[in-house]
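Me: I have a protein model open and I would like to learn how to read it. Could you walk me through it step by step?

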Amino acid sequence: MLPLVGVFGNRVYRRLFVAQVIALVGSGLATVALGLLAHRLAGGDAGAVLGVALAIKMVAYVFFAPLATALAERLPRRAFLVAMDVLRAVVALALPFVTHVWQVYALIIVLQAASASFTPTFQATVPTVLTDEDEYTRALSLSRLAYELESLVSPVLAAALLTVVGPSQLFVGTAIGFAGSAVLVLSVVLPKPVAREGKPVGGLRVYLATPRLRALVGLNLAASAAGAMVLVNTVVVVREDLALTDSFVALTLGAYGAGSILGALLLPRVLSLLGERRVMLGGGCVLVFVLAVSAPLLHMSWAVVLGAWAALGVGCAAVQTPVGRLVRRSATPGGWPMLFAAQFTVSHGGWLVTYLLAGLFGAWVGMPSTLLVLGGVAAFGVVFALWVWPMHDPSTVEHVHDNLEAGDPHLRDAVLTGRGWVHTHEFAIDRVHPRWPQRPR
């Protein structure tokens, strides 16, 4: 951890990181509060309401994020980030006053459009603050840890607050988090974005042309299937099936967060021993197993739910935490922002599908069948990843060029053969390397 915190010596990044953390805690409180609000408005159909609301969030993330990123490049970045935080705070303060389900959906559209505008812009800001590659890598690790800690801290904080305030007051905590984020962003001077040189290759094109990243399509789907079950149906399982109180909802979500934290803490050593492919596919198999096995057992006791949710947290951490390593291996530093944006879009597309499945199937066929459906979705994702991600996946690859002239500077160490110009180096999809090399037969 000590090498990670070294980046806090940068005052601007330190404040941006704190802004990210308190905004994440506010968002976590909103997740708990939204589930309880859905239960107040819809009772046993709360899962369906929450599933649709979270699906709306994903639609906003998938479709608004690219538009917002383009817009943010034309506006002062600090003012844009602050405006999005203020808009999110205003919406959070309005949510306790809704009386109909459609009002929830309308406010969620606005809230998540603002978040879809804020998040990619914030992510694009960090590398302009931390220009050193090693420092930026540490910042990515800290960001992931912040997300994992939020999934544990927010439910526990929500449970504590629910002992002294009502569920609607949790939205006030959300608004405070967004307001605090706005103040911290406003307190720093951000560097001007570096203008792009030339026309880059599209991030999604690179993503889908790279086998290890293409495997993430399936692994993202597996992780979102498990996460959707937790986030959408925890309130139904705890309040309706087990007849427990609101505080138990928060603590149950906390079990999932604790599993994520445990997985994240164990991963560095496990990754050094096994590598990303084994760890991530193994985590996906854990998700499939837990979803399937817990289907007939979930109604037995709260302890069973806690154990299943914690195991799902471990599996999701194993799948999601190494993603940044794969992205960094698959592009030069200049291509990272586009690839992270592509991962953002692909992963949230998976959440969009699985939120709807978790909410609607939970309302129509009950929790055991929903667990099996989501387990099937996760299994499909893992099998797809296993199929497209080769076991031998080095960063340095021998490949042939038949698309460059003899005097091209890129060919300075290449050897001319009957197949074309052959050489070996760290390989990534770009304009010189438009396709992934075929493995020798």
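Reply: Happy to! A residue counts as buried when its relative accessible area is under 20%, as exposed when that area is over 50%, and as partly exposed in between. Keep in mind that this is a predicted model. With that cut-off, 50% of the 441 residues of the protein chain count as buried.

Me: How many helices and strands does the protein chain have?

Reply: The protein chain has 14 helices and 3 strands. Its accessible surface comes to about 19,800 Å², and carbon and sulfur atoms account for 67% of that.

Me: What share of the contacts joins residues at least 24 apart?

Reply: Take the contacts between residues at least 6 apart in sequence: 81% of them join residues at least 24 apart.

Me: Let's turn to the strands. How do they pair, parallel or antiparallel?

Reply: The general idea comes first: strands of a sheet pair through backbone hydrogen bonds, and the pairing can be parallel or antiparallel. Here the 3 strands form an open sheet in the order β1-β3-β2, and the pairing is antiparallel. The edge strands are β1 and β2 (415–416), each of which pairs on one side only. Between β1 and strand β3 (residues 421–426) there are 6 bridges. Try finding two of the facing pairs: Val400 stands opposite Val422 in β3, and His399 stands opposite His423 in β3.

Me: Which side chains of strand β1 point to one face and are buried?

Reply: In a regular strand, side chains alternate between the two faces of the sheet. Strand β1 (residues 396–401) shows this alternation: Val397, His399 and His401 point to one face and are buried. Thr396, Glu398 and Val400 point to the other face and are not buried.

Me: You mentioned His423. Is that residue buried or exposed, and what does it touch?

Reply: His423, found in strand β3, is buried because its relative accessible area is 4%, under the 20% cut-off. Leaving out residues up to four places away in sequence, His423 touches Val397, Glu398, His399, His401, His410, Asp413 and Ala414.

Me: Now for charges. How many salt bridges are there?

Reply: Side chains of opposite charge can pair when their charged atoms come close. The count here is 2 salt bridges. In one of them, Asp85 pairs with Arg88, with the closest N and O atoms 2.6 Å apart. Both residues lie in helix α4 (residues 77–94), 3 residues apart, which is about one turn of the helix. Asp85 is buried, since its relative accessible area is 0%, and Arg88 is buried too, at 4%.

Me: And which residues meet in the salt bridge with a 3.4 Å distance from N to O?

Reply: Those are Arg329 and Glu276, whose side chains meet at that distance of 3.4 Å. This pair links distant parts of the chain: Arg329 is in helix α12 (residues 323–329) and Glu276 is in helix α10, 53 residues apart. Arg329 is partly exposed because its relative accessible area is 23%, whereas Glu276 is buried because its value is 10%.

Me: While we are at helix α12, where is Gly324, buried or exposed?

Reply: Gly324 is found in helix α12 and counts as buried because its relative accessibility is 15%. The C-alpha atoms of Gly324 and Phe340 are separated by 8.0 Å, and the two residues are 16 apart along the chain.

Me: Next, the surface. Which residues make the nonpolar patch?

Reply: Leu262, Leu266, Val270, Leu273, Leu274 and Val314 make a nonpolar surface patch of about 510 Å². Helix α10 (residues 246–293) gives the most to this patch, with 5 residues. Val270 is found in helix α10, and this residue counts as partly exposed because its relative accessibility is 31%.

Me: One last residue, please. What is His348 in contact with?

Reply: His348 is found in helix α13 (residues 336–365) and counts as buried because its relative accessibility is 13%. Setting aside neighbours within four places in sequence, His348 is in contact with Met58, Tyr61 and Val62. The side chains of His348 and Ser347 are also joined by a polar contact of 3.4 Å.

Technical notes
Residues are numbered from 1 along each chain as its sequence is written. This is a predicted model: local features need pLDDT of at least 70, side-chain atom pairs count only at pLDDT 80 or more; totals for chains, interfaces and linings use all residues. Side-chain values use heavy atoms; hydrogens and water are left out. Patches are made of residues with over 30% relative accessible area and no salt bridge: like charges are joined within 9 Å, nonpolar side chains (Val, Leu, Ile, Met, Phe, Trp, Tyr) within 5 Å. Accessible areas come from the Shrake-Rupley method with a 1.4 Å probe; for residues, only the protein chains shown count as cover. A salt bridge is a side-chain nitrogen of Lys or Arg within 4 Å of a carboxyl oxygen of Asp or Glu. Helices (H or I, at least four residues) and strands (E, at least two) are DSSP runs, numbered from the N terminus. Buried means under 20% relative accessible area, exposed over 50%, partly exposed in between (1.4 Å probe, protein chains only). Contact means heavy atoms within 4.5 Å. A polar contact is a pair of N or O atoms within 3.5 Å; within protein, one must be able to donate a hydrogen and the other to accept it, and residues adjacent in sequence count only if both atoms are side-chain atoms. Two strands pair if DSSP finds at least two bridges between them.
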